[in-house]
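Trainee: Could we go through this structure together, beginning with how far its coordinates can be trusted and then moving on to its strands and its core?

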Amino acid sequence: MLGFFAIIVPLAVAVAVAAYILFPWIVRNRLRRLFVREARRSPCVCLTFDDGPDPQVTPQVLDVLASANVRATFFLVARKAVQHPEIVAGIRQAGHEIGEHGFRHAHPWRTWSPAAWSEHVRARNALRAMVGEQQELAFRPPFGKLNLLTWLYTRRFQKRVVFWTLDPRDYEQTDPERLADDLLERMRPGAVVLLHDGNAKTLHETPVLVGALQRLVRSPKAREFEFATVSEALSMPALRPPRQQPDCR
Ligand SMILES: [Zn+2]
């Protein structure tokens, strides 16, 4: 009997992990490849900001973007959004796109049912109530990872899953000039840039992101780019039929 359990228990754990993490990981990698391929066809550059809104950082980011007439996409942590509705309204009024990034930004691999499901349903409900749209908001999974329930959530609500093509790891940077120059060096039409406006450590102690953005949008090279929101710039063949070439304006 002991031998039976010695086989069954590890087997059951292996099947559970495979179903909950490994299968979604394979799906996620396929979605990511499709996303990158589609993004690179776009003539636009998308700046995306995760983990906000933050009362210190996000208004500064909005000011810099407004100064250069650049529109971007903000993947909001819904719990923070509920705490700062005025910032969410500011993002909307400036013409930026709002996307979902979980309710608490829980790590998909460390969150188990039913919390994993409610993490995203709560975020969806909260943000839709604030944004007041019937259209499904774009979805960027926290940490760029899916679990089984996150994947089912994207299927249930036909979510556009948005990854990125360029990650400067802004949260690790200490020099705004270096971050801006790195971005300018690597940016191409079709780039979807991953940035963070909710990382208190990086952004409160040293306003690296804001300084880098100021340098970025003022540079002659950036003026050659057409900046657009993710939904304007991209179509997602895995989740919806390809659209016509987007108009970046
Ligand atoms: Zn995040």
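Trainee: Which element of the protein has the lowest confidence, and which has the highest?
Mentor: This is a predicted model, and its mean pLDDT is 87, with 90% of the residues at 70 or more. Confidence nevertheless varies between elements: strand E2 has the highest mean, at 97, whereas the lowest mean, 57, belongs to helix H8 (residues 200-205). The lowest is therefore helix H8 and the highest is strand E2.

Trainee: Over which residues does pLDDT stay under 50?
Mentor: Where pLDDT is low, the predicted coordinates should not be read in detail. That caution applies to a stretch for which the model has 14 contacts beyond four places in sequence, and in which pLDDT stays under 50, namely residues 236-244.

Trainee: Is strand E1 largely enclosed or exposed, and why?
Mentor: Of the 249 residues of the protein, 41% count as buried, which gives a background for this strand. From E1, Cys44, Cys46, Thr48 and Asp50 point one way and Val45, Leu47 and Phe49 point the other way, and all of them are buried. Because seven of the seven residues of E1 (residues 44-50) are buried, the rest of the structure leaves this strand largely enclosed.

Trainee: Which residues stand opposite Asp50 in E4 and in E2?
Mentor: E1 pairs in the parallel sense with strand E4 (residues 192-196) over five bridges, and three bridges join E1 to strand E2 (residues 73-76), again in a parallel run. Asp50 belongs to the set of E1 residues that includes Cys44, Cys46 and Thr48 and points one way. Opposite Asp50 stand, in E4, His196 and, in E2, Phe75.

Trainee: What is the bridge partner of Val45 in E5?
Mentor: E1 also pairs with strand E5 (residues 226-227), in the parallel sense and over two bridges. Within E5, the bridge partner of Val45 is Phe227.

Trainee: What handedness does the unit made by E1, helix H2 and E2 have?
Mentor: E1 and E2 run parallel and are joined by three bridges. Together with helix H2 (residues 57-67), these two strands make a β-α-β unit that is right-handed.

Trainee: On the E3 side of E2, which residue is the bridge partner of Thr73?
Mentor: Four bridges join E2 to strand E3, and the two run parallel. From E3 (residues 97-100), Glu97 and Gly99 point one way and Ile98 and Glu100 the other way, and all are buried. The bridge partner of Thr73 in E3 is Glu97.

Trainee: Which helix gives the largest share of the largest nonpolar core?
Mentor: In soluble globular proteins, nonpolar side chains tend to be buried together. The largest nonpolar core here has 55 residues, of which Cys46, Leu47, Leu76, Val192 and Val193 touch the most other members. Its largest share is six residues, and these come from helix H9 (residues 208-218).

Trainee: Which residues does Leu47 touch, leaving aside those up to four places away in sequence?
Mentor: Leu47 is buried in E1, where Val45 and Phe49 point the same way. Beyond four places in sequence, Leu47 touches Val70, Ala72, Val193, Leu195 and Phe227.

Trainee: Is Val121 buried or partly exposed?
Mentor: Val121 lies in helix H5 (residues 115-131), and 32 residues separate it in sequence from Tyr153, although the C-alpha atoms of the two are 7.9 Å apart in space. A buried residue needs 20 or more other C-beta atoms within 10 Å. Because Val121 has 15, it is partly exposed.

Definitions and conventions
Residues numbered from 1 in each chain as written. Predicted model: local features only at pLDDT ≥ 70, side-chain atom pairs only at ≥ 80, totals over all residues. Buried ≥ 20, exposed ≤ 12 C-beta atoms within 10 Å, placed from the backbone. Pairing = 2+ DSSP bridges. Right-handed = clockwise from strand over helix to strand, strands pointing away. pLDDT = per-residue confidence, 0-100. Contact = placed C-beta atoms within 7 Å. Core = buried A, V, L, I, M, F, W, Y, C linked by C-beta atoms within 7 Å.
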